[in-house]
Amino acid sequence: MSNSQPTILIIQPLMPQLDEKLSQHFHCHRLYEYQEPAQFLQQHGEEIKGIVTRGDVGVETALLEQLPASKAIAVFGVGTDRIDLGYTKAQGIQVSITSDILTDDVADLAMTLTLGFTRNLVANHQFARSGAWENNGVTLSSKASGKRMGIAGLGAIGKAIARRAEAFGMEVAYTARSAKDVPYKRCENIEQLAAFSDFLVLALPGSPENLQLVDAKVLAALGKEGVLINIARGTVVNENDLISALQQRTIKGAALDVFPHEPMIHPALRELDNVLLTPHIASATHETREAMSNNVFENLLAFFSSGKMLTAI
């Protein structure tokens, strides 16, 4: 480590290969390693020139206020709902995300959850593996092809999900802030979209305006044959309303990759037989995580060499 290397702050643990690259090129402080982070920031906050964080972690504004020289935040992920972008813009702080890198993986998982739920894949795997098939018949499941998929949020990820749904012969509709140049029906609001949908897929940001957007009314509109698929943010759903809807069979079921209090999952969700749960794995492939790591690293290199991040938003 050279004293001429820029000093950066890593908020939460990163992938080992990314952490190693950062350590080779920057003077790294890891906030999560300090028993007294407030004391560390008071003593060294003015030295820090850049920040690395994860999309699910973000950076609190109160922390940014203690880092007056930091003008770059490299986000490992695409979520910025835990960063006050109004504040960063006002302070001239660049924020980069791993834009477009994880789109395919997230869309793939949305379809995996759709197919996995509708074909009862986990239960059928357990049934076959246990040997129960030798003495029992197979329980019928449902088709996905020909069904209707509503996608809440038609950004890059939403569009990628729509293309996959089309390939399965599904009819697609969407909600978005503005109309898109796509051949899909646009619904005026998420309740209307839910009423259209056999599968309601959440692919919108976890911003304040989307907090608990999916509530009892939306779930009632989704109905007894409807399935909720969430690969967005856990905070987009009113979890208590969802649990009630699942318990009372107001909806057919849910497939969830994200939760409001990750890694904690509500015990009631773990007990239900009409839920498919995954531990926030949407971008968790070797290829994508390596590309995301490279993006974070290259953004910081570009900032400290040219003053501009490559995928700044």
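**Entry 1: the cavity**

I began with enclosed space and noted that the largest cavity holds about 60 Å³. The model I am reading is a predicted one. With a threshold of 30 Å³ or more, I obtained a count of 1 cavity. I then listed the residues that line the largest cavity: N230, G234, V237, E239, L242, L256, V258, F259, P260 and L269. Sorted by class, this lining comprises 7 nonpolar residues, 2 polar residues and 1 charged residue.

**Entry 2: the second largest pocket**

I turned next to open space. For the second largest pocket I recorded a volume of about 410 Å³. I found that α5 (103–118), α6 (121–130) and β12 (275–277) are the elements that each give two or more residues to its lining. The lining of this pocket consists of 17 residues, and those that lie nearest the pocket centre are F117, N120, A123, D273 and N274. By class, I entered 7 nonpolar, 7 polar and 3 charged residues for the lining of the second largest pocket.

**Entry 3: domains and their interface**

I looked up the domain assignment of the protein chain. Domain 1 is given as 7–97 + 287–306, and domain 2 as 102–277. I noted a separation of 32 Å between the C-alpha centres of the two domains. At the interface, 8 residues of domain 1 make contact with 5 residues of domain 2. I recorded about 560 Å² as the area buried between domain 1 and domain 2, with 53% of it on carbon and sulfur atoms. Which three residues supply the most of the area that domain 1 buries against domain 2? They are V78, D81 and T288, which together account for 66% of that area.

**Entry 4: UniProt annotations**

I consulted the UniProt record, an unreviewed entry, which lists residues 8–312 as "domain: D-isomer specific 2-hydroxyacid dehydrogenase catalytic". In the model, I found the span 8–312 to be 38% helix and 15% strand, with its end C-alpha atoms 17 Å apart. A further annotation in the unreviewed UniProt entry, "domain: D-isomer specific 2-hydroxyacid dehydrogenase NAD-binding", covers residues 112–282. For residues 112–282 I noted 33% helix and 16% strand, and a distance of 10 Å between the end C-alpha atoms.

**Entry 5: backbone geometry**

I closed with the backbone. As a reminder to myself, most peptide bonds are trans, and most residues other than glycine have a negative phi. Is the peptide bond from E262 to P263 cis or trans? I found this bond to be cis, with omega near 5°. P263 sits in the loop between β11 (253–256) and α11 (267–271). I also entered R249, which is not a glycine and yet has a positive phi of about 60°. I placed R249 in the loop between α10 (239–247) and β11.

Conventions
Residues are numbered from 1 along each chain as its sequence is written. This is a predicted model: local features need pLDDT of at least 70, side-chain atom pairs count only at pLDDT 80 or more; totals for chains, interfaces and linings use all residues. Side-chain values use heavy atoms; hydrogens and water are left out. On a 1 Å grid over the protein atoms alone, a cavity is a set of points where a 1.4 Å probe fits but cannot get out, and a pocket is an open set with protein on both sides within 12 Å along at least five of seven lines; lining residues have an atom within 4 Å of a point. Grid points are joined across faces, edges and corners, and a volume is the space filled by probe spheres set on the points. Helices (H or I, at least four residues) and strands (E, at least two) are DSSP runs, numbered from the N terminus. Ala, Val, Leu, Ile, Met, Phe, Trp, Tyr, Cys and Pro count as nonpolar, Asp, Glu, Lys and Arg as charged, and the others, Gly among them, as polar. UniProt positions are given in the numbering used here, feature names are shortened, and annotations may be inferred rather than shown by experiment. Domain bounds come from an automatic or database domain assignment. Contact means heavy atoms within 4.5 Å. Buried area is the accessible area (1.4 Å probe) that two parts lose on being put together, summed over both.
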